[in-house]
Amino acid sequence: MSLNKSVLITGAGGFIGLNAVKVFVRAGFEVHAMVHRKVPQELIQMKQVKIIIADIRSKRSVCSALSNFQPDILVHIAGIAVDTVSDREAREVNFEPIKYLVNIPKEKIIYFSTTDVYGIKDFSGQNEDELSFDEAAKNPYPKYKIKSEKWLNENLNKSKYVILRPAAVYGENDKTLELRVVDFLKFSPFIVHFGKWKGKNRWPVVNVNTVCEAALQCALTHKFDGEAINVIDENIITIDYYYKKIAVKHFPQRKFKTLCLPLWIGKILGFISTGLTLLFGLRRPLFDPTSYSLLHISSNLDFDCEKLKRLLSDKIC
C-alpha cells in the first residue's frame, strides 16, 4: 500500500525511533530516517528506507542533508531523555532545534514530549486537560520539553502540530528503562522501594508499539491537531509489579525480597549518584536511584489517557 506521503523521523537510530520507522513503512509512507551517528544494522537492512545522517543541533547539517527534500510529516523523536543531562546539553538538543525543525514539513510536526511536564508528584487520576505544566521544573529534561511545547503553542497554527506525551516506554529491545532496573537487580538481593507508597504507587508505562501507533494516527488524521495527548497504557500497574516482572524475566532462578526504606535514605543516595554522574560527564547514571528517578519510583503518577483511547479507537489503518 502506498499513501503517496513522506515522513521524516528524527532519532531513527534509537529505541522508539526505530520502531516508528517500522510502523510508518508498514502503513505505506515513504520513510526518511534521520540518525546522528551510529546507524543500526536493522535500519540498514530496510532497503525501502532512506537514511539521513545529520545532527539536529545544527540547522546547517540538517538542511544540507535534506537538500531539496521536504517531507509531508515530521515525527520529531530525537532528544536526550536521561535524567542526569546538563542544562546546556538539554537546551541544545531538546529545545533549540524545534525553532527551525517546524519549518521542514509541508503538513505538520508530531512532537514527542513527556508526561514529566506535569511534574513528578502524587496524582490521583486527573484528566489530562486539567493538568498543567510544572513551571518550577528544575531538571533539564522536563524543563526544556515544557519550553518546546510552549514555543509550538505560541508560534504555530494549531493545524501544524500535535504533541505526544509518552510515559516511560518499554518493549522488545529496550535498552534504557528496563536495562537500568536489570543493572540494579544484578547486584541487589532486594527489590527496594522508598517512601510512603512502599511500591504500591502507579508506574505509568506504555508499550513502544502503542507510542508508534499513536504517532501514525496523528499523521493520518487532523482530529487532534494543536493538542497534547498522554500516551500511557490503560491498565494500571504499580512500581512493585513492574520491578517483579523484570526480575522474573531476567533472573528467573533468583528470589528477591522486598525492602522498603524511608525517603530520606533515597534522597542521600540520589544526591550522590546524580552528583557523581554529572561530575564525570557520564551518559548513564553511575547507579540508581538518581535524584530524579527517585521521584518517579516514590510518587503515584496516576493520570488518564482518554484522548489516546479516542485516537486509537478511530484509527484509519
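1. Start with strand β2, which spans residues 30-35. In this predicted model, β2 pairs with β3 in the parallel sense, over four bridges. One residue pairing to look for is Val35, which stands opposite Ile53 in β3.

2. Next, place that pair in its sheet. The sheet is open and has seven strands. Their order is β3-β2-β1-β4-β5-β6-β10, and the pairing is parallel. The edge strands are β3 (50-53) and β10 (228-231). Each of these two pairs on one side only. Neighbouring strands of the sheet are turned by 20° against each other on average, direction ignored. As background, strands of a sheet pair through backbone hydrogen bonds, either parallel or antiparallel.

3. Now the aromatic residues. The count comes to six aromatic pairs. One of them joins Phe24 and Phe29. Their ring centres are 5.1 Å apart and their planes stand at 70°, so the pair is edge-to-face; the cut-off for that class is over 60 degrees. Are these two rings' residues buried or exposed? Phe24 has 0% relative accessibility and counts as buried. Phe29, at 6%, counts as buried too.

4. Tyr118 and Phe303 form another edge-to-face pair. Here the distance is 5.3 Å centre to centre, with 65° between the planes. This pair links distant parts of the chain, 185 residues apart. Tyr118 sits in the loop between β5 (108-112) and α6 (140-155). Phe303 sits in the loop between α11 (291-298) and α12 (306-313).

5. Stay with those two residues. Tyr118 has a relative accessible area of 2%, so Tyr118 is buried. Phe303 has 3% relative accessibility and likewise counts as buried. The cut-off behind both calls is under 20%. Phe123 joins in as well: Tyr118, Phe123 and Phe303 form one aromatic cluster.

6. Check one charged side chain against a ring. Arg254 lies over the face of Phe251. The distance from the ring centre is 5.1 Å.

7. Finally, look at Gln217. Where does Gln217 lie? Gln217 is in helix α8, which covers residues 208-220. With a relative accessible area of 1%, Gln217 is buried. What does the side chain of Gln217 make a polar contact with? The partner is the side chain of Glu213, at 2.7 Å. Leaving aside residues up to four places away in sequence, Gln217 touches Leu311, Leu312, Lys315, Ile316 and Cys317.

Notes:
Residues numbered from 1 in each chain as written. Predicted model: local features only at pLDDT ≥ 70, side-chain atom pairs only at ≥ 80, totals over all residues. Heavy atoms only, no water. Buried < 20%, exposed > 50% of the residue type's maximum accessible area, 1.4 Å probe, protein only. Polar contact = N/O pair within 3.5 Å; in protein donor to acceptor, adjacent residues only side chain to side chain. Contact = heavy atoms within 4.5 Å. Phe/Tyr/Trp six-rings, centres within 6.5 Å; stacked < 30°, edge-to-face > 60°. Lys NZ or Arg CZ within 6 Å of the ring centre and 35° of its normal. Pairing = 2+ DSSP bridges. Axes fitted to C-alpha atoms, helices over the stretch in contact; angles between N-to-C directions.
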